[in-house]
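Visitor: I have just opened this one. Can you walk me through it?

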Amino acid sequence: MSSLADLDIAEAAAGLRRGDHAAVDLLEAVLRRATITEAHLHAYLTIDHDGARAAAEQADRDLASGVDKGPLHGIPLALKDNMCTRGIETTAASQILAGYRPPYDGTAVARLRVAGATLVGKTNLDEFAMGSSTENSAYGPTRNPWNTDTVPGGSSGGSSAAVAVGSAYGGFGSDTGGSIRQPASLTGIVGVKPTYGLVSRYGLIAFASSLDQIGPLARTVGDAAVLLEAVAGWDPLDATSYRGDVPAITGGLDAGVEGVRVGVVTELMGEGIDEEVRAATRAMIDRLADAGAIVTEASLPATEYALSAYYLIAPAECSANLARFDGVRYGLRIEGDTTEEMMARSRAAGFGPEVIRRVLLGTYALSAGYYDAFYGQAQRVRTLVRRDFAAAYDNVDVLVSPTSPTTAFPLGERTDDPIAMYYADVCTIPSNLSGDPAISLPTGLDSAGLPIGFQVMAPALGEETMFRVAAEVERLAGFAARPFLATDEVISA
Amino acid sequence: MPVEIDIARVAKLARIALDDDELESFGHQLSDILEHAARVQALPTEGVEPTSHPLPMVNAFRPDVVTGSLDHAEVLEMAPETEGGFFRVPRILDEQ
């Protein structure tokens with residue numbers, strides 16, 4: 001049984017202009033879907049019924065009076081709850097921000113409002129985006145809509161699950177070490193980490209500033225491109241945002257891969273990558289070659305050290321960024337006799353175990369006597385990772401690999417083993433260290449019926465080629481499966 | 001090679017009040033994680049410049065013009081304690 005909630009963004013937008021349905025119908029369709037799916041998934045932390053309704057009604061009035069704001073006009077979208085939304089609770093899935101209502105919209109959020117989108121609500125994540133399973137949320141885990149005994153990936157698991165089932169047409173997340181691509185892979189949708197600096201981080205609750213990047217989640221490559229175009233571009237409020245022209249994003253979607261040079265990353269196709277994932281990746285690479293791509297092997301030797309470097313750099317930056325949560329200006333306060341005691345108690349009570357672990361790790365790695373051996377060395381390894389990528393891109397246009405070493409893993413399987421959890425990001429972290437764009441999209445299901453993701457990486461500002469190759473992968477895969485929870489029928493527990 | 005950590009000192013630097021059991025548990029976990037992270041030390045990096053940022057950019061200037069700021073009352077509304085338009089905190093200095 002299909003419903004309006006199962007249309008992709010392009011179809012929903014075309015139907016709006018034909019008069020097949022109104023923006024309020026699209027909103028009602030995703031909210032009806034959510035009433036069925038939320039009991040099983042817990043993708044949303046907050047649904048802004050009033051705000052979304054008002055936005056959808058405004059979108060309908062605008063369209064009726066000839067004001068068309070473009071491809072996202074009237075389209076219901078979900079936002080990860082680390083993106084500040086004025087007056088709407090924004091918690092980053094942490095107790096320390098329970099009840100926090102930002103006095104401003106982040107730039108990406110503001111741009112989506114200008115684009116006429118209907119912002120449905122705020123989605124679950126690992127606390128402060130630290131995690132790969134959305135189990136580290138202070139408000140309870142999100143589950144995978146393909147099999148609710150497994151995780152949806154993380155940290156953008158809420159947005160990912162919502163888009164996968166149709167309780168939103170598209171969504172946004174943040175990707176610091178794979179937090180958009182890995183959940184997209186585990187839930188069978190498309191997820192994009194843009195070039196660092198392409199999307200403003202203003203109003204994104206910071207985790208690791210030199211790695212964080214906002215990006216879209218969608219059910220098609222074309223939808224993801226449209227979502228990215230709406231938020232990309234220079235922002236004076238983010239000193240690290242890219243000042244040049246936004247690269248063409250949607251331009252090459254139909255161009256195919258004839259003559260495109262595709263490098264297969266040797267280090268990400270070996271041991272540690274699940275057999276079925278490897279086979280599916282290899283099969284897609286063969287089909288790309290059949291479609292005219294020039295396929296070669298590409299070696300990135302320093303990526304072997306990327307995970308280790310990441311788990312020094314990201315905690316170091318997070319320990320500095322999270323210093324702002326101190327019980328003074330916003331968030332939880334636990335009283336103490338002195339300000340220092342109040343701060344230390346508030347932070348101990350407000351942060352969950354993974355956040356405390358990373359803040360301590362980062363504090364240690366930055367402390368006197370250890371700085372050069374850990375943080376300094378990790379930054380030099382980062383240089384080597386960047387050099388490896390640059391050398392590879394002398395010979396190829398894009399690099400490909402699996403997105404995640406495994407498909408969705410069981411809830412609770414890795415919660416007591418931080419290092420096993422960290423390994424989930426082994427294929428995605430290199431692009432964050434290099435600052436380059438990467439996309440994940442589904443190519444098939446494994447023998448357990450869980451989605452397998454395929455990653456396409458490109459040099460900085462190479463989004464046009466990246467989307468071009470991804471669009472061909474999408475056509476070749478013909479992936480049309482949907483999770484069992486993509487339904488309006490009541491499912492008995 | 002196990003990494004020795006003075007976990008109580010690290011927790012104090014991080015301003016996180018942990019009890020003895022928590023300190024011990026986090027201390028062990030950190031030691032394990034650092035043992036893995038220390039693999040970066042195996043890579044020869046002599047003469048390699050550190051990368052602190054993926055974009056080669058310096059000094060992002062913008063025009064020096066007065067613009068609006070956040071609403072004072074709206075900002076203070078989110079604070080745990082305020083007084084006379086300011087954030088209020090417990091005393092900062094010890095009596096001694």
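**Chain B, then its contact with chain A**

Guide: Along the sequence, chain B runs α-α-α-β-β, where helices (H or I, at least four residues) and strands (E, at least two) are DSSP runs numbered from the N terminus. This is a predicted model: local features need pLDDT of at least 70, side-chain atom pairs count only at pLDDT 80 or more, and totals for chains, interfaces and linings use all residues. Residues are numbered from 1 along each chain as its sequence is written, with chains lettered from A and ligands numbered from 1 in the order in which they are written.

Visitor: Is chain B spread out or compact?

Guide: Chain B has a radius of gyration of 23 Å, well over the 12 Å from the globule rule for 96 residues, so it is more spread out than a compact globule. That radius is taken over C-alpha atoms, and the rule is 2.2 Å times the number of residues to the power 0.38.

Visitor: What box do its C-alpha atoms fill?

Guide: Roughly 55 × 45 × 25 Å along the principal axes.

Visitor: New topic. How many residues does each chain give to the contact?

Guide: Chain A gives 57 residues and chain B gives 44, with contact meaning C-beta atoms, placed from the backbone, within 7 Å.

Visitor: Which helix supplies the largest share on chain A's side?

Guide: H12(A), with 12 residues.

Visitor: And how do H9 and H12 of chain A pack?

Guide: H9(A), residues 306–321, and H12(A), residues 372–392, pack at about 125° with axes 9 Å apart. Axes are lines fitted to C-alpha atoms, for helices over the stretch in contact, and angles run from 0 to 180 degrees between N-to-C directions.

How values were computed:
Two residues are in contact if their C-beta atoms, placed from the backbone, lie within 7 Å.
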